[in-house]
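Student: I am new to this structure and would like a close look at a single part of it. Could you pick one spot, tell me about it, and then work outwards from there?

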Amino acid sequence: MRNRSILLSVTAIACASGGGNSTPTLDAGTPSTLQGVSDRAMRIYRESYVVDAHNDMPSKMADDGYNADVRHRPGFGKQEGHTDLPRLMESGITGQFFSAFVDAPYALTSPDSSLERALQLADTIHAFAARHPDKLIFATTAADVRRAKESGKVAVLIGVEGGHAIENSLENLRELHRRGVRYMTLTWNNGNQWSGAAWGVNGTSTGGLTAFGRDVIREMNRLGILVDISHVSDSTFFDAIAASSQPVIASHSSARALHEHRRNMNDEQLRAVAKNGGVVNVNFYSAFIDTKFDAAVTAMEARLTSERESLRMKYAGDSNRVEAELRTLRTSASEALPGTPLSILVDHIDHIAKVAGVAHVGLGSDFDGVSALPEGMEDVTRLPRIAQALLDRGYSEDDVKKVLGGNMMRVMGQVLDRREAPDR
Ligand SMILES: [Zn+2]
């Protein structure tokens, strides 16, 4: 589902007419007044290091003219979003990893421009932080994130999504590190020449790591770049765990035991991450966490595919008209999809906490990369609801803080701060 949605979103971005101005129409409650969140939950949330491991806003900024400096309505349209500066500040989040996402076509049709794309998005993220020195701090360590919290600012970090970004070169990996990248997803939905993906779109690898892939892991360990196993195949997952001398993360993956989906992690994998000392950051996307929603989306896509054929016949030779009509059909069909209760998202957190341990679960929203989110989690300002939901399930204050970001801070401290040194 993620694959299709992302490809659709890329299509939408390509069709965008530009223009980053949005209307400040959202009247979201600030965290202090967020509906259904108690004073106690809000206090715990505010005391926590809240770290979200995955957010795709930079692609919207670079491709869609999305102006992240102003407030937008929650949503997945060209000029709607789950994140922007006003809402980041309002959310009370401490650290946000923004994704420098390199789409599959870069590897498939123009592999020599994959690194350039990652660097372009890294620049977009740097520029966003630099425009707002009074509100944002660009961060590469857990210590930076602590400093951000002490000064009332939000820490901005970079993760690269798609190992093809390094174009099979360790020197390119070192360049990403120099540009401030602190995690890299070994693959996206496309496998690459050294690492297999869960999807393996366009016939790309779904196998394990090659010898060079193990060199990549070793170099990431040496530099201090977190190994991110979201999106990888099961065999690459186990190869990466075996090759890494450091804790790994899943920046945005949920539990396969609750929804059978290749992008989710099974219990054996969850236990392996626990043994490794890493963190699985739960993806919020409705199609990854909610079986009912996923089935409805699959049925909707099948209907739209057959509808496309009928429209092609009807409007022979006029593809613009076909696509315009399909967009209208998609919008109305999407609106009719069943909602995903917030409790389902919390079920995934709870499952990983039970199987791997509460020290090995965190948040990887995938905000601005997914088209559907649970009810009550429409954007970044709603994160305090997770604190409330965990308290409601009997989690201790300390455990809530671990899930919100304490676990990621531990791993970042181990992998990033320890390695912070001039590039060698
Ligand atoms: Zn992803």
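Tutor: Aspartate 366 counts as buried, because 26 C-beta neighbours lie inside 10 Å. By this rule, a residue is buried if 20 or more other C-beta atoms lie within 10 Å of its own, exposed if 12 or fewer, and partly exposed in between, with C-beta atoms placed from the backbone. Bear in mind that this is a predicted model, where local features need pLDDT of at least 70, side-chain atom pairs count only at pLDDT 80 or more, and totals for chains, interfaces and linings use all residues. Residue numbers start from 1 along each chain as its sequence is written.

Aspartate 366 also has a positive phi of about 65 degrees, although it is not a glycine. You will find aspartate 366 in the loop between strand S9 (361-363) and helix H16 (384-392). Those labels refer to DSSP runs, numbered from the N terminus: helices are H or I with at least four residues, and strands are E with at least two.

Now step back from that loop into strand S9. S9 runs parallel to S8, and three bridges join them; two strands pair if DSSP finds at least two bridges between them. Here valine 282 has leucine 363 of S9 as its bridge partner.

Which way do the residues of S8 point? Val279 and Asn281 point one way from S8 (residues 279-282), Val280 and Val282 point the other way, and all are buried. That fits a general pattern: in a regular strand the side chains alternate between the two faces of the sheet.

S8 also pairs in the parallel sense with strand S7 (residues 249-250), over two bridges. The chain gets from S7 to S8 through helix H11 (residues 267-276), and this β-α-β crossover is right-handed. Right-handed here means that, with the strands pointing away from the viewer, the path from the first strand over the helix to the second runs clockwise.

For contrast, look at asparagine 202, which also has a positive phi, of about 55 degrees, although it is not a glycine. Asparagine 202 sits in the loop between strand S5 (181-185) and helix H9 (211-223). With 13 other C-beta atoms within 10 Å, asparagine 202 is partly exposed.

Finally, the wider setting: the protein has 17 helices and nine strands, and 54% of its 424 residues count as buried.
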